Structures are given as C-alpha cells and as structure tokens.
Amino acid sequence: MGRASRIAASAGLAIAIACIVRPSLAQRAGTDVGGQPARRKVTKLPKLTKFVEAEYPADAKAAGVEAAVVLTIEIAATGAVANVTVAQSAGADFDAAAVAAARQFVFEPAEVDDKPAPAKITYRYSFTIKEEPPPPPPPVNVHVPVPVHEETEPDHDAAPAPASPAPPAPDTVEIRGRPKARRETNQTTIRAEQARKVAGTQGDVLKVVQNLPGVSRPPVASGQIVVWGSAPRDTRVYVDGVDIPALYHGSGLRSVINSDLVSSIDLVPGAFGAEYGRGLGGLVRVETRALPRGTHGYVGADTLDGSALVSTELSERVRVAVSARQSWLDRVLSLTSAPDVGDFFPIPRYRDGQIKATVDLRKRETVDAVLLGATDDLTRTVPSPDPASTRSEANHTGFWRAYVRYTNVSDDGDTAIVTPFFGRDSSELVQRFGPTPARLDIDSTRYGVRASMRSKLGSMVSVTTGLDTLGTDSDIAREGSLTLPPREGDVAVFGQPPGDEYAADTWRTNIVDVAPHAYADVRLGPVTVTPGARFDAYLIEGSRKTPRIGQTPSIGFSRLETAVAPRLSARWELGPRLAFTAAYGTYHQAPEPEDLSPVFGTPDLALSRATHVTAGESLRITQTLSAEIVGFHKTMKDLVVRSRLANPLLARALTQNGEGRSYGVQLLLRQELWKGFFGWISYAISRSERRFDGDESWRAFDFDQPHVLSVVASQEVGRWSFGARFRYASGNPRTPVIGSTYDARNDRYDPVFGPQNSIRIPAFWQLDVRVDRSFALGETTRLLLFADVQNVTNRENAEEIVYSPSFRQRSRITGLPTIAVIGARLDF
C-alpha cells in the first residue's frame with residue numbers, strides 16, 4: 001500500500017470444535033445403539049485462503065490510535081463470506097474498515113461428515129501501527145455450525161480436534177444460528193467517516209441525511225426533514241434514544257451535534273418498530289461515538305463557523321469529551337459585496353456545545369453522561385419603498401438536553417439499557433408586515449426515561465421489552481393574525497399581507513405519554529419475523545378550555561387518550577445475496593401544544609393516526625456493491641387542519657378533518673468503501689396528497705416532490721480526497737393567483753386564487769464538489785485543508801414564487817449562487 005506504517009490483523013479463537021445434531025425426520029433413519037440420533041462430526045475446519053488488509057482510518061492513524069474490532073463472519077458452504085457483523089465495536093471508522101476487508105476474505109469451507117457446510121467464526125481484527133510489513137494472517141479456529149435449520153448443543157463426548165496456534169487474544173463463540181437480521185426493514189445507515197467526505201455537507205456528517213433515499217429536498221434555509229410525504233414535524237429525531245427538537249440549526253447549514261461525537265446515522269422513513277412512536281412520519285437516530293483512550297482533539301474553522309473538541313482519559317475507567325461551535329457567516333458576508341443576500345435567505349447566527357463522559361463500571365457495563373445544547377437566531381427583512389409593505393421575520397430557537405445512559409451486557413448476551421433525560425426547548429417567532437405584528441413564543445420542559453431489556457430465549461428467539469415515557473410541559477403566548485404563520489393546507493401566497501383580525505392568548509399545556517412496548521425477533525430458517533406492539537397512554541392537560549371573554553373564569557381540561565399500535569416486519573433471505581422484506585405498522589401522534597389554544601386552536605384535539613405498509617428487495621451484487629428497492633404506502637387520518645367555517649365555533653378554530661396518503665417507490669444503489677471509493681445513487685418516485693374529510697378529490701401536499709434524485713461519489717487518492725454530489729428534485733406545489741381585487745379601505749390588493757396547489761415551483765438541480773488534502777505534521781498531528789463548493793454551475797434555482805403588490809406580475813426568488821466553503825482543521 002506504499003505506507004510506512006502497516007496494519008496487523010489477528011483472528012479470534014473459537015474454543016468449541018464439535019457438536020451433536022438433532023436431525024430432521026428425514027434424517028432419523030440412522031441412529032446409534034442407544035436409539036439416539038447419529039452424531040455428526042466436524043471433519044474439517046474452515047481455512048482462510050485470501051486475507052485482505054483493511055485500510056487504516058486516516059484520522060486514527062495520524063493520531064496514533066490503535067484498536068481491535070471483533071467480527072462475526074458467516075462462511076457459506078462454498079467458502080465465500082456470506083455476512084459480516086460487528087460483535088464488539090472499536091468505533092465507526094475502525095468497524096467500517098474491518099467489515100469492508102472481511103467481506104473480501106475467502107476460505108476453504110468447513111466440512112461436517114466430509115461434506116462442505118456453512119460455518120460462523122469470531123474474528124478479531126487488530127489495527128496496530130508497525131514499521132515492518134504485516135505478518136501473514138494467523139490460523140483460525142472456529143466452532144462450525146451444522147447445516148442450517150438444525151439445533152445444536154455441545155458434544156462433551158466427542159474427541160477434540162487438533163489444537164491450532166493460539167492468537168494473542170482468544171475469543172469464545174457458540175453457534176446461535178444465522179446472523180441477526182436488521183430489525184428496521186427500511187433502514188439506511190451511514191458511517192460518520194464516509195459521511196464527512198460527501199460534497200455539499202462541508203464535513204458535517206449529519207447533513208448526509210438530506211441525500212438518503214426517501215428524503216425530499218427541504219425549502220431553502222429551513223433545515224426541515226420531509227420523508228415519504230409526511231409533514232416535517234411528523235418525523236422524530238433521537239440522539240442515543242433521547243428526542244431533540246431538530247437535527248439542524250434553523251438555516252439548515254449545520255447540524256446541532258459535533259460530527260466528531262457521531263458514530264452513525266440511521267434513517268428510517270417509515271414502518272419502524274415498536275420501540276419508537278409519537279410521530280406519523282419517519283425516524284432519524286444518531287448514535288454518539290465511544291470515547292477513545294488517550295488525549296485527542298481538533299480545532300477547525302471555515303467560512304461558516306469555527307469549532308473545537310478535546311477528548312481525554314481522566315483515568316483507566318473515565319473518559320470525557322467537550323466540544324463547542326460558533327457561527328460567523330453573518331460577519332463574513334458583511335465584509336463581502338453581497339450583504340443583501342439575507343433579504344430572502346436568512347443569515348444564521350448559531351452556536352452549539354456538547355459534553356460527554358463515559359465511566360466503565362466493569363466489563364460490559366458502562367454509564368454515559370451527556371449534556372448537549374444549541375441556539376439559533378435568524379433574521380431577514382424584505383425591504384419595500386413603502387414602509388407599510390416592509391416584511392420582516394425574526395426567529396430565536398434553542399434547546400438543551402441532559403441524560404445518563406446505563407448499559408449492561410451480560411455474559412449470555414442479554415442487554416439492558418436505561419436512559420433518563422431532562423431538558424428545555426424554547427422558540428420565539430416574530431413576523432411583521434408593516435405595522436402588523438404576529439408573535440408566537442413557546443417554552444417547554446421535556447423529561448422522561450427510555451428503558452429496554454433484550455433477552456435471548458434460545459438460538460431462534462430473542463425478546464425485547466421496554467418503556468418509553470416523555471413529558472412536555474409548555475407555556476405558550478401568541479398574538480396577531482389568526483392565519484399567521486400559515487399552516488399546511490392554507491391557501492396563501494408568499495408575502496401576502498395578513499388579515500384585519502387580531503387576537504391574543506396565553507395558555508399552558510402538559511402532555512405526558514407512557515408507552516410500554518415489546519417485540520420479538522423470531523428466526524425460522526431463512527425467515528426472520530419481528531412482531532411487536534406498543535401501547536401509548538397520553539395525558540393531555542391545558543389551562544383553558546374557553547377563550548378569555550370578560551370575567552370568564554379559567555376552566556382547564558384534562559383527559560386520557562390511549563392507542564394500541566401493532567407492528568410487524570419480516571425478512572426472507574433467499575441466499576447470502578438476496579433478501580425480501582416487508583413491514584406494517586400503525587402510528588399515533590398527539591396534538592402540538594400551540595394547537596390547543598382556545599383562541600387560535602382547539603383544546604379538544606385528539607390523536608392523529610397513520611398506517612405504514614412497505615415491501616422491498618435487497619441484492620448484494622458484489623461484496624461491496626448492493627442494490628435496494630422499496631415500495632411504500634401510507635395513509636393518515638384525523639389530521640389537524642384549519643376550520644373551513646368563516647366564523648368557527650367557539651374554541652374550534654382547528655378541526656381533525658384532514659386526510660392524507662403517500663405512496664411510491666425508492667431505489668438505492670450503494671458502493672461501500674472499495675479501493676478508496678464509495679458512493680450511492682438514490683431515486684424516489686412518489687406522490688403525497690391531502691384532502692378535507694368528505695371531499696371527492698385529492699390535492700397535492702404542500703411538500704410533495706414526485707421525483708427526487710441524489711448521486712454521491714467520493715474517491716481518495718493518497719492524501720487527496722475528491723467528492724461530488726448531484727441533486728434533482730421536483731418543485732413544491734403552489735396555488736396560482738389568477739387575479740386580484742382592490743381593497744379601498746386598506747389601500748391594497750388582495751389575491752384571487754386558482755385551484756389549490758395546481759402549479760409547481762420549477763424543478764431544482766445542483767452540482768456540488770469537494771476536495772481536501774491532509775498533511776502529517778508529526779506522529780500525532782494532522783492538518784486538513786478543504787474546499788466545498790456548492791452550486792458550481794451557478795444555476796439560478798427557483799425557491800419561491802412571488803407577485804407584485806397588485807398581483808398582476810409573477811416572478812421567482814432564486815436560491816444561493818456559487819458558494820465556496822473553505823476551511824482548515826488541525827487534529828492532535
């Protein structure tokens with residue numbers, strides 16, 4: 001590989017080497033003298049004939065970090081590697097490198113009764129930095145499984161096979177059937193080391209979610225996540241199982257978690273298991289990285305912001321990491337010739353920070369304590385010669401979470417995880433159109449606990465039970481127009497002045513959900529079935545059931561809403577390369593606190609419901625190239641919409657007469673890391689529609705994008721790395737203005753609308769590129785220089801449709817021009 005330092009790999013040792021078989025009925029013709037089934041003998045162990053050296057993670061190598069990854073490798077009867085899973089992680093970067101190498105191993109197959117048979121081994125891949133060439137791979141001792149579908153147990157009478165040279169750190173394995181199938185059938189996982197190299201992400205690993213299958217392109221500068229035709233607020237985001245209000249800062253330019261604390265990102269656009277609920281849309285799960293030994297860190301700066309992280313080992317059992325980030329894009333733009341770019345693209349001022357501490361109590365028992373938080377300030381003003389037509393918007397958001405996660409893995413593999421958490425969310429939105437203000441302030445306290453216990457009930461069944469609780473105590477204040485800010489389904493146009501009505505209200509809500517859940521992984525030969533169920537009990541309370549009118553006393557409300565949510569998924573493996581999947585589930589979501597106002601909403605809102613159904617196929621074309629196709633259908637009921645009545649009933653401004661449906665097909669062609677190259681092509685064709693209960697026809701959902709295409713590629717050449725990303729997306733629907741009427745009393749024009757959502761913003765496409773170069777400044781210090789250029793063709797993508805004050809002329813707001821994010825990072 002042309003490197004001064006090389007990697008040494010060593011294999012684990014499986015102690016048991018023989019087993020007794022309980023044959024099927026067709027095999028019971030042969031029995032021994034005692035009438036017991038004839039025992040089958042392991043006559044040959046698998047032998048590694050092709051060893052592939054893993055690529056040492058660049059950051060870890062530069063920092064002098066060594067590690068060992070324990071892998072479970074399933075070997076087919078042909079000797080080919082059928083599957084590789086991580087049994088003991090050493091961090092996302094090491095895991096990905098070890099798995100990629102092991103998938104390319106080739107073995108002489110094991111034999112049972114002199115016939116080739118599948119086997120499963122435990123293999124320890126050690127990453128060590130040495131000056132000499134790597135030694136040849138050591139011999140491997142394994143515990144060989146008998147043909148699939150048959151139970152096994154130790155054969156204490158069988159003579160042991162000849163001993164092999166013991167590797168440095170032997171491991172014990174036992175046969176437990178085929179590897180565990182992925183529980184979430186529609187899950188896409190990206191490792192952090194790859195995600196940071198994707199063009200257009202500026203090295204932010206969580207921004208890679210925007211390029212995954214099933215994700216629509218969000219409105220510019222929104223940071224929203226729209227998956228499979230669900231509203232942005234219907235998708236839940238979790239960090240280590242703890243919910244947070246947003247994955248990105250308000251502008252969408254950065255995520256709220258430092259990338260160096262992220263191990264992996266999972267996107268489940270729908271039909272997820274019983275562990276999670278409270279949302280009709282998808283699921284984003286972020287797992288934080290295990291803290292390394294020793295002292296490491298970095299300092300980085302680019303056009304957008306500056307950040308730093310330091311991780312150190314306080315003792316043999318205690319490690320801690322601290323990180324912080326501060327934006328300065330607003331100051332950079334003020335020094336350039338484009339300070340007015342913020343007229344339509346709000347320039348963010350954001351900051352975030354994280355602290356993580358890990359305490360190793362004993363072997364396979366740890367406690368992680370985490371504190372994370374983020375704040376945002378977004379301001380934009382659309383000037384006008386007429387001060388009465390000047391539009392402005394100011395938005396301040398912030399949150400913090402503190403949680404402790406206890407993890408205990410027993411000797412037999414049972415796993416217990418308990419995570420209590422506490423935090424605060426706040427948001428303040430002020431919109432003005434001339435002198436007319438609209439304000440919405442929300443302050444919430446969030447608290448709860450997530451607990452789960454996973455137990456194995458033999459070689460074919462494992463059961464997970466758990467409890468998921470969340471409480472949200474909110475204080476809300478709102479004033480202004482009843483229709484601002486607009487909600488999905490409102491017929492409105494960008495820049496439309498608010499109505500004449502003015503209202504104000506302050507109220508308090510408390511929503512508590514207690515949800516026990518359970519599911520089982522049942523393996524029936526090549527089929528894995530995961531039935532599950534979740535029971536949600538919502539306590540919904542509010543301070544006022546009716547508006548403040550004169551001396552009306554404050555009469556609150558309190559009620560209990562319950563829901564049972566069955567879940568079911570299945571995976572059928574037709575071989576080591578081909579599998580079919582299917583999933584079904586029902587989901588429920590409580591009303592938002594701001595919708596329970598007796599003035600602006602309806603205190604009696606109940607739960608919204610959805611049903612997800614998916615079916616898919618996955619094919620591993622080569623050891624590192626795979627393809628997936630998934631079809632989905634979602635139905636949504638009891639959606640909260642604005643009342644159609646010109647004069648709604650008291651405390652009935654909102655109703656639950658909304659219906660929705662979303663259906664489509666998504667494809668993913670993915671190349672794992674291979675000779676320094678990785679990438680994927682994702683494409684989704686779908687429709688998402690809404691209607692008012694009782695309507696005959698459907699309309700396009702406000703975020704409907706029938707076609708979404710993403711192409712991502714990255715190639716490493718020595719110390720250089722090159723990447724590119726191409727994105728195409730259909731434009732969002734809009735309601736056309738077909739005329740206007742003059743309001744003499746207010747001296748303004750009001751629009752006359754055509755059919756709702758019958759036109760679209762022009763389609764979006766953009767090409768981004770990235771190049772970086774690393775420099776070794778010593779044994780443990782590395783400098784990285786990079787340039788991430790967005791919209792290299794300088795295409796003027798339309799982001800919104802706007803009209804003249806008389807609504808007689810139509811034009812477009814275009815997105816950002818070519819922008820180069822240039823930066824440097826020093827790792828130590």
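In this predicted model, residues that lie 24 or more positions apart account for 69% of the contacts in the protein with a separation of 6 or more. The protein is built with four helices and 48 strands, and buried residues make up 51% of its 828 residues. Turning to the surface, the protein exposes about 35300 Å², of which carbon and sulfur atoms supply 58%.

Part of that surface is a nonpolar patch formed by V299, V310, V322, I355, L371, W400, F422, Y447 and F828, which together have about 720 Å² of accessible area. One of these patch residues, I355, is found in strand 23, which covers residues 347–362.

D93, by contrast, belongs to helix 2, which covers residues 92–102. Leaving aside residues up to four places away in sequence, D93 touches P57, E193 and R289. Of these partners, E193 illustrates a link between separate parts of the sequence, since D93 and E193 are 100 residues apart in sequence and yet their C-alpha atoms are 5.7 Å apart in space.

The table sets the two residues side by side.

| Residue | Relative accessible area | Class |
|---|---|---|
| I355 | 38% | partly exposed |
| D93 | 12% | buried |

Why do the two residues fall into these classes? A residue counts as buried under 20% relative accessible area and as exposed over 50%, with partly exposed in between. D93 is therefore buried, because its relative accessibility is 12%, whereas I355, at 38%, is partly exposed because that value falls between the two limits.

Conventions: Residues numbered from 1 in each chain as written. Predicted model: local features only at pLDDT ≥ 70, side-chain atom pairs only at ≥ 80, totals over all residues. Heavy atoms only, no water. Patch = residues over 30% accessible without salt bridge, like charges linked within 9 Å, V, L, I, M, F, W, Y side chains within 5 Å. Areas by Shrake-Rupley, 256 points an atom, 1.4 Å probe, with all protein chains shown as cover. Salt bridge = Lys/Arg side-chain N within 4 Å of Asp/Glu carboxyl O. Helix = DSSP H or I, 4+ residues; strand = E, 2+ residues; numbered from the N terminus. Buried < 20%, exposed > 50% of the residue type's maximum accessible area, 1.4 Å probe, protein only. Contact = heavy atoms within 4.5 Å.
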